[in-house]
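Subject: A structure to hand over

Dear colleague,

I am passing this structure on to you, and after it I set out what was found in it. Could you please look at the sequence and the model before reading the notes below?

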Amino acid sequence: MEQNGLGSKMRAGILGTGSALPNKVLTNQDLEKIVDTSDEWIVSRTGIRERRIAGATEATSDYALLAGQRALASAGIQAEDLDMIMVATVTPDMMFPSTASLVQDRLGATHAAAFDLEAACSGFMYGEFLASGLVNSGQCKYVLVIAGDLLSRITDYEDRSTCVLFGDGAGAAVVGLVPKERGFLAFHLGSDGAGGKFLYMPGGGSRLPASQESVQSRQHFLKMEGQETFKYAVRAMGVSVERVLSDAHLEMTDVDLLVPHQANVRIIEAIRQRLHLDPAKVMYTIEKYGNTSASSIPIALDEAVREGKVMQGQVALMVGFGAGMTWGAVLVRM
Ligand code: UT7
């Protein structure tokens, strides 16, 4: 329901995007020296050639801040104008205060409320959904949605089945009112906690607080059953795409760019083939950044905007999935 006082002329949409990545590159050749793996295995099974890794003294908020500043600059909005900041992350700077609160302070967003949201790799979809609701209801004018993760911090570099996959980075979007011809067209979000056992980090929470034993038994690293997660991803993303298209009364041919979560090029290809999409209509960043968790979609969206792969008035379809299990899709006319 629209309560923004602007009748049918305006609705929530994306005003600007930004992203930030570490400079340090970790290549497949680097990983060959750390674990029993090969460039050939990693490229053929995942499509990844390199990923970015944050410096030892850096934290998620450093990249979230930069991505947020860039999104604000691209939207032409001042930090003081923000009503709300959300940071989607599974690797906050610390358990509390929230990374969003740290970013709010450093941005100088003196009028903004701030909180973190946790929906793993689907976090950006969840954030956009919330931001759209807040803007359309008139409760917020400008919302900054940031997704930031330093997955290198919870990656076990003795586990070859996961350590080749992940990288660090952040992406962001400013959500506000746009003319009704543009803006968010449809959302679909899903969750199935029964799948939580396929991708999780056991240690560090209230169930298993940090102890000498938890550290020694490597409980503070993420654990994943790759094949189960893979199957889940293809199924869930397919459902979400079909739902948003049908809710918006659009066909896949109306979509100008698919911006999928970058977890594995084989997952992206499975979705692309299911949707009969030309590769030119799909955003790929996996080769150079690996899986950057919640940030992967906003980083890819920001690159697409900057490279002119999606222009104002064109339709972008973002779709992702992650631990939880969670998944979702966002259809937006830029
Ligand atoms: O964003 C969060 C969501 N995460 C994902 O979407 C990940 C989804 N899953 C995947 O992308 C894939 O399942 C992986 C890339 C994680 C694994 O690929 P796979 O084709 O499913 O391989 P697999 O787990 O079936 O392993 C095949 C073989 C095994 O050896 P054996 O048992 O056949 O002898 C593994 O031990 O490959 C071996 N292997 C490796 N070999 C070289 C596993 N990791 C590696 C490695 N280098 N890094």
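A convenient place to begin is Phe187, which is buried with a relative accessible area of 19% (buried means under 20%, exposed over 50% and partly exposed in between, with a 1.4 Å probe and protein chains only). Please keep in mind that this is a predicted model, in which local features need pLDDT of at least 70 and side-chain atom pairs count only at pLDDT 80 or more, while totals for chains, interfaces and linings use all residues. Residues are numbered from 1 along each chain as its sequence is written, and side-chain values use heavy atoms, with hydrogens and water left out.

Aromatic pairs

There are four aromatic pairs in the model (centres of Phe, Tyr or six-membered Trp rings within 6.5 Å; planes under 30 degrees apart are stacked, over 60 edge-to-face, the rest tilted). In one of them, Phe129 and Phe187 meet edge-to-face, with 5.5 Å from centre to centre and 80° between the planes. Because Phe129 belongs to helix α5 (residues 123-136) and Phe187 to strand β8 (residues 183-191), this pair ties together parts that are 58 residues apart in sequence (helices, H or I with at least four residues, and strands, E with at least two, are DSSP runs numbered from the N terminus). Whereas Phe187 is buried, Phe129 is partly exposed, at a relative accessible area of 40%. Ring pairs also bring in Phe184, so to speak, as a member of a cluster with Phe129 and Phe187.

Another pair, formed by Tyr232 and Trp327, is tilted, with the centres 6.2 Å apart and an angle of 45° between the planes. Tyr232 lies in helix α8 (residues 226-247) and Trp327 in strand β13 (residues 326-333), so that here the parts tied together are 95 residues apart in sequence. Tyr232 and Trp327 are both buried.

Nonpolar cores

The largest nonpolar core holds 47 residues, and those with the most contacts inside it are Met252, Leu258, Leu317 and Leu331 (a core is a set of buried Ala, Val, Leu, Ile, Met, Phe, Trp, Tyr and Cys residues joined through side-chain atoms within 4.5 Å). Two or more residues of this core come from each of α8, α9 (265-274), β12 (315-322) and β13, and α8 gives the largest share, eight residues. If neighbours within four places in sequence are left aside, the residues in contact with Leu331 include Gly183, Phe184, Val244, Leu250, Val315 and Leu317 (contact means heavy atoms within 4.5 Å). Apart from the largest core lies another, of 35 residues, among them Leu257, Val259, Ile297 and Ala304.

Backbone points to check

Two cis peptide bonds deserve mention here. Phe96 and Pro97 are joined by a cis peptide bond with omega about 0°, and Pro97 is found in the loop between β4 (84-88) and α4 (99-107). The bond from Gly324 to Met325 is likewise cis, with omega near -10°, and Met325 sits in the loop between β12 and β13.

His249, a residue other than glycine, has a positive phi near 55°; it lies in the loop between α8 and β11 (257-260) and, at 72% relative accessibility, counts as exposed. His276 is not a glycine either, yet its phi is positive at about 55°; its place is in the loop between α9 and α10 (286-289), and its relative accessibility of 73% makes it count as exposed.

With best wishes
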